[in-house]
Amino acid sequence: METVMPNCLFHALSSTTPIRRAITALPLLLALGACSRPLPADELMADARRFRDQGDAKAAIIQLKNVVQQQPEHVPARLMLGQIYLDTGDMASAEKELRRARDLGARADAVQPALGKSLLSQGQFQRVLDEFPEDQGNAESLTLRAQALLALNRLDEARSLFERALHVKPNFADATLGLAKLALIGEKPDQAQQLVELAIAQDPNSVESLRLKGDLQRADDDIAAARKTYERILEVKPNNVQAHLDLANLAIQEDRLDDARQQIKLARKAQPKNLMISYSQALLDFREKRYKSALEQVQQVLRAAPEHMPSVLLAGAVSVVTGSDTRAEQYLNQFLQENPNHAYTTKLLATVALRGGKRDEALKMMRTALKGAPNDADLLALAGEAEMQAHNFAQSANYFEKASELKPERAELRLGHGLSLLQMGHGAKAITELERAAEGGSGPERASTLLVLSHLRDKQFDKALSVVDALLNQGDSARLQNLRAGVLLGSGDLDGARAGFAKALALDPMYLPALDNLANLDIVEKKPDDARKRYEAALALDRKSVALMTALARLQARVGKPADATRWLEQATRENPNDKESAQLLADF
């Protein structure tokens, strides 16, 4: 048991003789005995109140536990423990202490409101209805019942009880806040905002009212105002875990990731076992592309709260990014059951469907979603991609064009438009779009590559070289050197092409496209052994590379050496027994 003790002073033992040590040990032992006597309960309670008022919940809890260890039936200590647990978000512990205080004879009006809040926060809505009968008639009990009914989607009953509570106790902030939530559910945001402001006027330190105000500001993209409101909560309750997490989530949204880490750290310090810390940590991990950690964190939440929909959606998003399509569909469909027509979830599901070749399914989802959100650039882009896969290039071009008009700064949308125009045979317009995409600040390299290929198709080698050289000025890479060499090869400059492919390998000795291109030149020049030696040199850097062994097999098959080709495929299968592609190649060969 942790106990805060007064300071004890000890004098060092200066003598080294056993007799002197024995004599001087006696007063020391007496001093130690004096230090071990616990403080009286009233002093511990005073310490606990002081720590609570200073915002040091941990220290207050330690002192209160010392009180109940000395006096298990100390009602004020149990009550204060329950309230502090409630404030810090440890709802199970709050419920336990508040019930104990009630059983020991604490006044109902001191226990019931806090106990009801702890049950609501744990999702125990039916228990609230069972334990807080309507005939009690006081505003607090009526409001608790109304909040439980609201959570159970019994909206008319909830509204009636909130209004009764305000009749019994005018200006009761909790009941006013309940009406604000009902207005929000009824898609009356202006009325909801007015009621939230009224609730705050009725109780300026109401954490729940302040939080809903911050959430509304965030929904309106007024991030600075939302941050200020969440910070106001911490002025009222310095250890409020949810406020720290709301600030962390805001920081993640704004890419202020160091600030997010700091807020999560403060939340964890206040209450290490709070599950919502794991959710915010998962959000941060997801933003930082640490997908394995993100999935572990969010699954930790779902094991304890499988119906926590934000975590279900996040788990689905992580699964989409990591290519776990079956798991992604399970999570995303679960979320859509509770939140039909949710645009972001529909986008994710359509992405999975497209990736799995379910083009018609993706198209159906996109067309339905666009009826409700015709100006969503992401939906339009996905619909454009789906139509392109269906070879509906005109419709694809229309979708991408509209998306580009909505978000002209996004290069990938112009890229999609350019691709659709290329497929339709509108070369001049396509090149214009690809050029504009290549100039964009987001992902221009793919657009530039397609622009180069378009120029190559039209045998405009000088224009193709100028595009590649512009990319090289931004940063060298094996891929770009290989692309430049390809342009030279197309123009008939074989020596320049060979030198360019060699430059690519100097940057990345295992860059397979350059190895393949040089091998093709070697075969044309009747030097297949040079190609083999180059592949083998690369294989020495990664002796289990399926791609390199497969390339060697293809080379040997091209020069009429099937036995050597078989040997390389057998080696690839032997070194990589779980690789299905190499096994299939061997079987086909």
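Which residue just after α6 takes a positive phi? In this predicted model, local features require pLDDT of at least 70 and side-chain atom pairs count only at pLDDT 80 or more, whereas totals for chains, interfaces and linings use all residues. Residues are numbered from 1 along each chain as its sequence is written, and side-chain values use heavy atoms, with hydrogens and water left out.

The residue is Gly 123, with a phi of about 75°. Helix α6 (helices being DSSP runs of H or I, at least four residues, numbered from the N terminus) comprises the 14 residues 108–121 and reaches 20 Å from its first C-alpha to its last, close to the expected 20 Å; the expected span is 1.5 Å times one less than the number of residues. Its buried residues (under 20% relative accessible area, with a 1.4 Å probe and protein chains only) include Val 111, Leu 115 and Leu 119. The buried residues of α6 pack against α4 (75–88), α5 (91–103), α7 (125–131) and α8 (139–151), contact meaning heavy atoms within 4.5 Å.

In helix α33 (residues 562–575), the buried residues are Ala 565, Trp 568, Leu 569, Gln 571 and Ala 572. Seen down the axis of α33, these fall within an arc of 155°, so they line one face of the helix; the arc is that of the directions from the helix axis to the C-beta atoms. Ala 563 and Arg 574, on the other side of α33, are exposed (over 50%).

Asp 285 lies in helix α16 (residues 275–287) and counts as buried because its relative accessibility is 0%. The side chains of Asp 285 and Ser 293 are joined by a polar contact of 2.7 Å (a pair of N or O atoms within 3.5 Å; within protein, one must be able to donate a hydrogen and the other to accept it, and residues adjacent in sequence count only if both atoms are side-chain atoms).

Conventions
Helices (H or I, at least four residues) and strands (E, at least two) are DSSP runs, numbered from the N terminus.
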